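Dear colleague,

I am handing over the structure we spoke about, and my notes on it follow below. Please read them with the structure open beside you.

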Amino acid sequence: MKIRYLHTMVRVADLDASIAFYELLGLEETRRYENEGGRFTLVFMTPPSQEDAHVELTYNWDGDDGLPSDSRHFGHLAYSVENIYDMCQHLMDNGVTINRPPRDGRMAFVRSPDNVSIELLQDGDALPSAEPWASMENTGHW
C-alpha cells in the first residue's frame, strides 16, 4: 500500500514567537490557513528545498491554557494514503484500533503503541461513504 508523509502538527501558544523560532532553524512559511469559524490559524513551515517536510503550527485564537503542561503541544503525524478504507482494514486486521474511522471517506485517526496520534488522509478526493466505516463509532480519542 502506498503512503506519503504529509506533516507534523504542533500546537503553539504564541504564533509570532513560534514562527520566529522556526525561522531561526531555517524553516520558511509556505502556507497559511485561517479559519474564522473554528477560530484557529494553521501555519506550515518548511525547510528550503524540502517541500514535503512541513511542520504545521496550530494556533487557537482563544488560547490554549493547557500548553505546554498537558502535552497537547504535539498534535499528530499525518500521512496521505492511496485508499483509506484498505489502509484502515489492514491496520484493523493487524490489531490496530481505529480511533476515528473514515466515515467521510477522507480522514481517519489511529494511535501508535506509544500513544502518538496518526492522521490518515485519503489521497485526492474523498472515497464514497462505505460500510462498515460509515456507521462505525469513535473509539477513545485521537
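In this predicted model, Thr 58 belongs to strand E4, which covers residues 54–60. Its relative accessibility is 5%, and because buried means under 20%, Thr 58 counts as buried. Leaving aside residues up to four places away in sequence, Thr 58 touches Met 9, Val 10, Arg 11 and Val 12, and also Thr 41 and Leu 42.

Further along the chain there is a set of paired strands that you may want to trace one after another. Strand E6 (residues 98–100) pairs with strand E7 (residues 107–111) in the antiparallel sense, over 2 bridges, and in this pairing Arg 100 has Phe 109 of E7 as its bridge partner. The hairpin of E6 and E7 has 6 residues between the strands, and Gly 105 in that hairpin takes a positive phi near 70°. Strand E7 is also joined to strand E8 (residues 117–122), again antiparallel, by 5 bridges, and here Phe 109 stands opposite Glu 119 in E8. Phe 109 therefore has a partner in E6, namely Arg 100, as well as one in E8, namely Glu 119, when the definition of pairing by bridges is applied.

Turning to the rings, the structure holds 4 aromatic pairs. One of them is formed by Tyr 5 and Tyr 79, an edge-to-face pair with 5.8 Å centre to centre and 75° between the planes. Since Tyr 5 lies in strand E1 (residues 3–12) and Tyr 79 in strand E5 (residues 74–81), this pair ties together parts that are 74 residues apart in sequence. Tyr 5 counts as partly exposed because its relative accessibility is 28%, and Tyr 79, at 23%, likewise counts as partly exposed.

Another of the aromatic pairs consists of Tyr 33 and Phe 40, whose rings are tilted, with 6.1 Å centre to centre and 50° between the planes. Tyr 33 is partly exposed, as its relative accessible area is 42%.

One further contact involves a ring and a charge: the charged end of Arg 31 sits over the ring of Phe 44, at 3.8 Å from the centre of that ring.

If you would like a place to begin, which residues does Thr 58 touch, beyond those up to four places away in sequence? They are Met 9, Val 10, Arg 11, Val 12, Thr 41 and Leu 42.

With best wishes

Terms used: Residues are numbered from 1 along each chain as its sequence is written. This is a predicted model: local features need pLDDT of at least 70, side-chain atom pairs count only at pLDDT 80 or more; totals for chains, interfaces and linings use all residues. Side-chain values use heavy atoms; hydrogens and water are left out. Helices (H or I, at least four residues) and strands (E, at least two) are DSSP runs, numbered from the N terminus. Buried means under 20% relative accessible area, exposed over 50%, partly exposed in between (1.4 Å probe, protein chains only). Contact means heavy atoms within 4.5 Å. Rings of Phe, Tyr and Trp (its six-membered ring) pair if their centres lie within 6.5 Å; planes under 30 degrees apart count as stacked, over 60 as edge-to-face and the rest as tilted. A charge sits over a ring if NZ of Lys or CZ of Arg is within 6 Å of the ring centre and within 35 degrees of the ring normal.
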